[in-house]
Amino acid sequence: MQTQKKDTRDWSVAWKNPLVIFWVAIILVVLMVNFFMVSMAIVTNPGLVIDDFYERGKNHAAVLAERQKMDKLGWQLKVDMPDLVEAKSDRIGLEVLDKDNVNFDVDSATLYYYRPSDRNLDGSLVLARLNSTGSYAADLNLPLKGKWDFIIEVVKGDKKYSIGQSFMVKDPE
């Protein structure tokens, strides 16, 4: 005859129950991960990179009106943007055309570059006029890989025309 061993464990104390310990451990892990993610967001992200975001938002109607004026001009900016590589100088080319697809010269052509995550890397570069009409170029060297925003602005007299685009700068291989 076989005798059964009697279960003498006392489940009345919650902290001795493995199920309670398991759930408390899961909650602690979730809280630690959340704390880590919040602390990383605070440490690595500088927040808004535009000091006057409110004023720019109020001027949205003026921005839209400027965009309509640019559409009426019909200018075209053909940008020759190579595959950009971190810490390597690359030549950026620009060709300016009117609404009839004829090259013409402008008073100035400027490339503005922005790093969305770090305003200290923002800058501008004046594109130099080349020998042919309506052609401009400059050498650009960006220090970090990742996403960059570009705005190219040309000015002729009191008329301005600009285009913007985002680019990825690659890691040197």
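Helices here are DSSP runs of H or I with at least four residues, numbered from the N terminus. With that in hand, let's walk through this predicted model.

**Stop one: helix α1.** Select residues 18–44, which form helix α1, and pick out Ile-21 within them. Ile-21 counts as partly exposed because its relative accessibility is 42%, between the 20% limit for buried and the 50% limit for exposed. Now add Val-13, Trp-15, Val-24, Ile-27, Leu-28 and Leu-31 to the selection: together with Ile-21 they make a nonpolar surface patch of about 660 Å².

**Stop two: the core.** In soluble globular proteins, nonpolar side chains tend to be buried together. To see the largest nonpolar core here, which has 26 residues, start with Leu-94, Val-96, Leu-111, Leu-140, Leu-142, Phe-150 and Val-154, the members with the most contacts inside it. Then colour the strands β2 (89–97), β3 (108–114), β6 (135–141), β7 (146–156) and β8 (159–169), each of which gives two or more residues to this core. The largest share, four residues, comes from β7.

**Stop three: Leu-142.** Centre on Leu-142 and show what surrounds it. Leaving aside residues up to four places away in sequence, Leu-142 touches Leu-84, Val-85, Glu-86, Ala-87, Tyr-113, Trp-148, Phe-150 and Val-169.

**Stop four: Glu-86.** From Leu-142, step across to Glu-86, in the loop between β1 (76–80) and β2. Which side chain of opposite charge is nearest to Glu-86? That is Lys-145, 5.6 Å away; Glu-86 is buried yet has no salt bridge. With the same sequence neighbours left out, the contacts of Glu-86 include Pro-143, Leu-144, Lys-145, Lys-170, Asp-171 and Pro-172.

Note on methods. Residues are numbered from 1 along each chain as its sequence is written. This is a predicted model: local features need pLDDT of at least 70, side-chain atom pairs count only at pLDDT 80 or more; totals for chains, interfaces and linings use all residues. Side-chain values use heavy atoms; hydrogens and water are left out. A nonpolar core is a set of buried Ala, Val, Leu, Ile, Met, Phe, Trp, Tyr and Cys residues joined through side-chain atoms within 4.5 Å. Buried means under 20% relative accessible area, exposed over 50%, partly exposed in between (1.4 Å probe, protein chains only). Contact means heavy atoms within 4.5 Å. Patches are made of residues with over 30% relative accessible area and no salt bridge: like charges are joined within 9 Å, nonpolar side chains (Val, Leu, Ile, Met, Phe, Trp, Tyr) within 5 Å. Accessible areas come from the Shrake-Rupley method with a 1.4 Å probe; for residues, only the protein chains shown count as cover. A salt bridge is a side-chain nitrogen of Lys or Arg within 4 Å of a carboxyl oxygen of Asp or Glu. Lys and Arg count as positive and Asp and Glu as negative; His and the chain ends are not counted.
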